[in-house]
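Welcome, and please open the structure in your viewer. We will go from one selection to the next, with a short look at each stop.

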Amino acid sequence: MSNPDLMLAFGAGGVATALLAAISMVRGGLKSFRWEAYVGAFGLGMVLMGQYMGLFVAPRERMMGEVGRILYVHVPSAWLTMLIFTFTCIFAFAFLMSGKRIFDSLVESSIEVGVIMAILLQVTGSLFAKPTWGVYWDWDPRLVSTAVMTLSFVGVLILRSVLDDPDRRATWTSVGAILATLSMLITYFSVRLWRTLHQMQSSPDSVSDPMVVILRANAFAFLFLSIFFIAWRTRIAVARAQADEAPPLPPEVPV
Amino acid sequence: MASTPDSHNAVVHDGLVVHDLSRRFGPRWVLARVGFDVPPGDALLVVGHNGCGKTTLLRCLATALKIHHGSARFGGLDMWENRAELRHKVALLSHDSHLYEDLSARQNLDVWAKMGGLHKDLDALLERVGLEHTGKRPVRAFSAGMRRRLALARVLLKDPSLILFDEPFSALDPAGRATVAGVLQELRERGATILLSTHHHEIGARFADQAMRMKEGRIVWKGPSHELLSSGGHP
Amino acid sequence: MTLLKQSLAVAYKDLLTEWRQPSRIAGVFFFCFALLLLFAFAMPNTQMLSDIAGGTLWLGLLLASTRSLDQSFHLEMENGALEGMVLWPVPPLAMFYGKALANALLLTLVTLALTPLVVVLYHPVWNGDIPTFLGIVALGCLALAAPGTLVAALSVQARGSSALLPLLMFPLVVPVVVAASKATTLHLEGDIMSQVDDWMRLLVMFNLAHWALDGWLFTRIAEDG
């Protein structure tokens, strides 16, 4: 587990498997095979191992000391929030273009998992900010745009919950998801112009080697868990949609 | 005209051809396998109790609602696929008047004409429905009958070749009914295809030779409208 | 060309409706006036008022815009006119651009009426010139109107909608509030560091993105039958 390349190959293989599985899910295959359970179990194992390594194996962070270990939750959740909402936006466009109900289910489940991930991101961020910046919250572009984005996606979930008609609900959710993504981007730029304070984004070059490996391990662990949650939630959404579907048309009666 | 279920493919006229049309709301089929046809320039009377699916049928044919199963064709075109084009030719006179409460009768016609890019003699139209003396009064101050007349004038702005009338005689005094009946007669003479849903069987039968009765989203009877009258509405 | 003509016809219809019933837009204005008074009470001292004048104007306007946007679509729902437009047919793009344009004009009108009140109540430093100020106002109002119109179309047709419009709209227009407030304040103070242009560029960018994308999104919600 000490070789970053091995880790990368491992992760890439997992992502490819999950993507293939997701594609086959969209195309209607693999209905009964609960592939996501294996991805989830793998992710759970990885998250346990990754967090253990983050807490006990990783060296102390140079600037922040022991507090820095929260990075192994904070940074993966930040990556995953962005990744999940990017996919939400892609699913939403896919729904508006194709009208396929599976994309609506994917939009719904990815928003829910994304919101959870964003909340995790902000809670760990606040805990992290208090000892390093001395405050729980700072008016930094990334903080503000994350908060705004969370708020808009929560708004979309509430909009979704008040609509009864499945067709309308699906279209409006996708419209809201695209708006929320756009708003996140513009908010980020506007707040960056408004005020900049955050430390420069840490690239793998600026942190030490063992940290990179452990960060990546945790990121992939979060990725697999997210894929598991989204796939599981999508199955529930599909099952609900099927339950809502009208019974077969009654037979023809001659007049 | 009444086509049997398996002979729909034989219907080749350019009027309204509805085949197996079904629509659901949530888990319920409110229209199930409705099939009929109206040759161009003909009129069909649709009767049935409240909640039998008449309004949904008319809204599907007006392209306000998506058809979930089956098809409706007008002028040889599938109505939902070609809705952008057909909306120029099809008009719906429904319970919703589609009027702006703050505008006067003439202003309402004016804004709808402008929004549709239509050019019509608005004063003549107002006179046709007997609203030429309402001046600047906003629609908010109109009676139900006056609103219905104005809604009719609005529909006439567009010269529709298929008109769907949903209870056009309700809430009208005898004079109002006579106005609507006059307009209906005029539209028939101009060659428009008409679908008329009403509880006033006698007036309806004057314009439509054919009739059908609906119940629980289905057609339960089709035949000449005089049979509907002679049987007291329950053939 | 027909699209432009029809959009203008929709805008004309909206403005004519407001003209025939001016109490609605007057209500929005007085709503905003009351907010300006109340904001002042929330401040620790009246010396601070001159610093926050620009921001308060835009915050008040944002709150007022939720009222006017809501009203604009309630008029369409009253007798099913929104569906009437779809079936007329008015292309959804013309409906969106017409209504958004009318909403932007009404908001601009309210802003212009409020500006003297802000000057009197908050006595900000006024070193700016009128044309630039008008430019900021126009850009800000256009930027509020586009996402606002789309979100109002969604919320007015949803059940239990009164809280939905602000919930959906406020996160979307954070950049507008930031940029318009900042631009107004800097401009009034004299813009020594010439930063106003950056903020106006941001408003232009916001407008371009939303006026293009929201129109397309509106066609999707108008078509769902």
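How many residues does the contact take from chain A and how many from chain C? Select both chains: the contact (heavy atoms within 4.5 Å) takes 28 residues from chain A and 30 residues from chain C.

Before going on, a word on the model: it is predicted, local features need pLDDT of at least 70, side-chain atom pairs count only at pLDDT 80 or more, and totals for chains, interfaces and linings use all residues. Residues are numbered from 1 along each chain as its sequence is written, chains are lettered from A and ligands numbered from 1 in the order in which they are written, and side-chain values use heavy atoms, with hydrogens and water left out.

**Stop 1: chain A against chain C**

Keep these two chains in view. They bury about 2800 Å² between them, 78% of it on carbon and sulfur atoms; buried area is the accessible area (1.4 Å probe) that two parts lose on being put together, summed over both. Now show Trp172(A), Leu179(A) and Ile186(A) as sticks: in chain A they lose the most area to chain C, together 22% of what that side buries.

Next, look for polar links. The interface of chain A and chain C has zero salt bridges (a side-chain nitrogen of Lys or Arg within 4 Å of a carboxyl oxygen of Asp or Glu). Two residue pairs, both at pLDDT 80 or more, are in polar contact there; the rule asks for a pair of N or O atoms within 3.5 Å, and within protein one must be able to donate a hydrogen and the other to accept it, while residues adjacent in sequence count only if both atoms are side-chain atoms.

Colour α3 (71-98), α5 (141-161) and α6 (166-194) of chain A, the elements that give two or more residues to the side touching chain C. Helices (H or I, at least four residues) and strands (E, at least two) are DSSP runs, numbered from the N terminus. The largest share of this side, 14 residues, comes from α6(A).

**Stop 2: a salt bridge within chain A**

Select Arg233(A) and Glu112(A), which form a salt bridge with their closest N and O atoms 2.6 Å apart. Arg233(A) sits in helix α7 (residues 209-244) and Glu112(A) in helix α4 (residues 101-133), so the pair links parts of the chain 121 residues apart.

**Stop 3: chain B against chain C**

Swap chain A for chain B. Here the contact takes 38 residues from chain B and 26 residues from chain C. The buried area is about 2700 Å², with carbon and sulfur atoms giving 55%. On the chain B side, pick out Tyr100(B), Asp102(B) and Met115(B), which lose the most area to chain C, together 25% of what that side buries.

Three salt bridges are counted between chain B and chain C. Zoom in on Arg140(B) and Glu78(C): they form a salt bridge, the closest N and O atoms being 3.6 Å apart. The interface also holds 16 residue pairs in polar contact, both at pLDDT 80 or more. In chain B, α2 (83-86), α3 (105-116) and α5 (144-156) each supply at least two residues to this side, and α3(B) gives the most, with seven residues.

**Stop 4: chain B as a whole**

Finally, show chain B alone, with its eight helices and 10 strands. Colour by pLDDT, the predictor's confidence in each residue, from 0 to 100: the mean for chain B is 88, and 93% of its residues reach 70 or more. Over residues 1-8 of chain B the pLDDT is below 50. Where pLDDT is low, the predicted coordinates should not be read in detail.
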